[in-house]
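Please walk through this protein with the model open beside the text. The route starts at one strand pairing and works outward.

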Amino acid sequence: MAIIPRQQDPQLQSQPSLLPFKYSHRVLLKTLLDRQDGGRGFAGQRVVVGGWVKTSKEVKKPLPPPAPAASVPHEERFIDREKKGDKDISCVEMLQSRIPLIRSIWEVFGGGGYGRSHAPSRKRIESAPPKPATPPSPPQLSTAYLLITDGSCVASLQVVVESSVAQPSNLLPTGTCILVEGQIERPATEGKHVIELKADKVLHIGTVDVDKYPLSKKRVPLEMLRDFPQFRPRTTTVATVMRIRNALSFATHSFFNGQGFLDVHLPIITTTDCEGFGKLFQVAGLEQKADKQKLSTIHETDGVSLDIVKAAAKEKSNIVETLKRTESNREALAAAVQDLRKTNELVSQLEAIEKKNLKSLSSKDEVVDASRDLFLTVSGRLHLESYACALGNVYSFGPRFQADKTDSAKHASEMWMVEVEMAFSQLRDAMNCASDYFNHLIMYVLETCHEDMKFIAKRIDNACFTRLQQTASGFPEMLSYNEVIDILRKVEDKKFETNFKSGVALTAEHLSYLVDTIYKKPVMIYDYPKEAKPFYCRLNDNGRTVAAFDLVVPKVGTIISGSQNEERINIINSRINELALPREKYEWYLDLHRNGTAKNAGFTLRFDLMVLFITGLTNVRDVIPFPRSYGKANN
């Protein structure tokens, strides 16, 4: 049990009760610390807590003074010698032992050495007893002060463990996992910690390999943490980001459920390219006839795995050089060097495998590509539209994939998207829903993640509260594509790399200047040229633009893209032909619009970029639990 029963003290009956986590019988630190009093009201209660050591120190206790050796009176030493039959006893010594008064007078007048000076032939008698054997000194006691976290909140709990309870050397290293039982107490001097746990039982210790563990008491750069995704959630920054990400996920489902939407699970493997932009990941099944072994792999259409690993090795080499120049902590540098060594070993292994495979393929064995037309999905809006035409209002939340070779801080090969489709809706309806959903996410985080956002304000973006509150309380600037082009053409203090011409999508440079410099708030752009948007966007009456929109936010860029979808079968056919799309792959979509079609609209929110916007971080790989991008996938 996490809470140990105690005698009912009338003074403690008013204390709040601590409820343990139902499935592990330990008290979460959030339950204990995430209170206005910081947990003071729980003082005196016994609990079981578990977590991982962030920082630690050991305080040695002073050794007790040595016990004085017991002295033996002179007369007792003489009597003992007499009993043992010692014949070398002088008359003076006999008088000293038998007559204490004579012995004292004799010592005053300097007669203490008479026996030795007048009896040179006798054995010399020592006046002091031999020193007794020194007993072994007791081990020095110490107290370990451990700052632990269990990931449930930003705050950490100080755990005090005496050396008589557990060996401090096993508890001190950063990353050590412990499960302890003890009593909550108020520290003698209340400073940073208003409560601490005085442990009297250590129920579990998960040790770490100090030489190989990449985290330390010092901060490790986020760039380096990407190479250790299995450990980085133990850092306060990444743990905070993940809690905010969880809140945004919950807010997504609560918003759409509250508006009557149904959650639809969409396929990841597809034959249809919904967007028509960018490169796809192809799913291939390879069958070798020589030995009838069936292999399954997922590879990039024009990528080579060896090149990916070589690119990763080069990046890790740059990280090592950066750490050397910045004189970073030794643990971080050692971990980076070791990781680079492993990557180089992997390169060597892959080179050997590639040579072997080339030799094998040169033989008569035939390799047959069994599934050339399967891809990892880029978007699920076409599939979602078929359910909107039956269920009304639907949404989906899942991963989408793009195989573009880019090192952009706003792009990863696998990113999560929230996609929405609404039957009987038009462009303005989708824009309003997207704006409401966007503001709902912001307000939910501000209301439910206050402590996490305080940490964000302290460590990452000190203006995050003001920035988010102003965004949620206001309205985005509404501009058509042509209006945006006119505004940017009039800019004189900035020279853009890409010239403006109709039909070209606005670049990240254009959008950044628009929202970061000119308006300094979100901007919603609509009525794009048809060349800049997918084939399914509804063609406007002018025949040149489509009913599509983007919501662009400062520091991040385009975070939501949406459109009213084309319901006219002849226009869909025309657009497929214009873009030279393989008609057979879209036959099912055409069939949907031949039978009971309706006007509908929807949008896609780039969920990872939303987390980036909320937290103020600059690289999307730092808000994804296991980031996947070209040349960077470690596990």
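**From one strand pair to the whole fold**

Start at Asn 393, whose bridge partner in S13 is Met 422. The model is predicted. Asn 393 and Met 422 belong to a longer pairing. Strand S12 covers residues 393-401, and strand S13 covers residues 414-423. The two run antiparallel and are joined by 9 bridges. Phe 401 is part of this pairing too: it stands opposite Glu 414 in S13.

How much of S12 is covered? Of its 9 residues, 8 are buried, so to speak of S12 as mostly covered is fair under a cut-off of 20% relative accessible area. S13 tells a similar story in its own numbers. Here 8 of the 10 residues are buried, so the rest of the structure largely encloses this strand. In a regular strand, side chains alternate between the two faces of the sheet.

Now follow the sheet outward from S13. Strand S18 (residues 600-606) joins S13 through 7 bridges, and these two strands run antiparallel. Within this pairing, Val 420 has Phe 603 in S18 as its bridge partner. S12 has a further neighbor in strand S6 (residues 262-263). Here the strands run parallel, and 2 bridges join them. Leu 262 stands opposite Val 394 in S12.

Leu 262 also leads to the surface. Together with Tyr 387 and Leu 391, Leu 262 makes a nonpolar surface patch of about 290 Å². Leu 391 lies in helix H11, which spans residues 381-391. Is Leu 391 buried, exposed or partly exposed? Its relative accessibility is 44%, so Leu 391 counts as partly exposed. That value falls between the cut-offs of 20% and 50%.

Turn next to the interior. The largest nonpolar core has 59 residues. Which of them touch the most other members? They are Phe 256, Met 453, Phe 549 and Met 610. Helix H12 (residues 427-448) gives the most to this core, with 12 residues. Met 610 shows the packing in detail. Leaving aside residues up to four places away in sequence, Met 610 touches Leu 248, Phe 438, Leu 441, Ile 442, Ile 559 and Leu 605. A second core, separate from this one, has 26 residues. Among them are Leu 32, Phe 42, Val 49 and Val 180.

Helix H16 (residues 508-518) is the next stop. Its residues His 510, Leu 511, Tyr 513, Leu 514 and Val 515 are buried. What do the buried residues of H16 pack against? They meet helix H15 (481-489) and three strands: S15 (523-529), S16 (545-553) and S17 (557-565). Just after H16 comes Lys 520, which takes a positive phi of about 55 degrees.

Finally, step back to the whole protein. The secondary structure comes to 19 helices and 18 strands. Of the 635 residues, 45% are buried. Among contacts with a separation of 6 or more, 70% are between residues 24 or more positions apart. The protein exposes about 34,600 Å², and carbon and sulfur atoms supply 53% of that area.

Notes: Residues numbered from 1 in each chain as written. Predicted model: local features only at pLDDT ≥ 70, side-chain atom pairs only at ≥ 80, totals over all residues. Heavy atoms only, no water. Patch = residues over 30% accessible without salt bridge, like charges linked within 9 Å, V, L, I, M, F, W, Y side chains within 5 Å. Areas by Shrake-Rupley, 256 points an atom, 1.4 Å probe, with all protein chains shown as cover. Salt bridge = Lys/Arg side-chain N within 4 Å of Asp/Glu carboxyl O. Helix = DSSP H or I, 4+ residues; strand = E, 2+ residues; numbered from the N terminus. Buried < 20%, exposed > 50% of the residue type's maximum accessible area, 1.4 Å probe, protein only. Pairing = 2+ DSSP bridges. Core = buried A, V, L, I, M, F, W, Y, C linked by side-chain atoms within 4.5 Å. Contact = heavy atoms within 4.5 Å.
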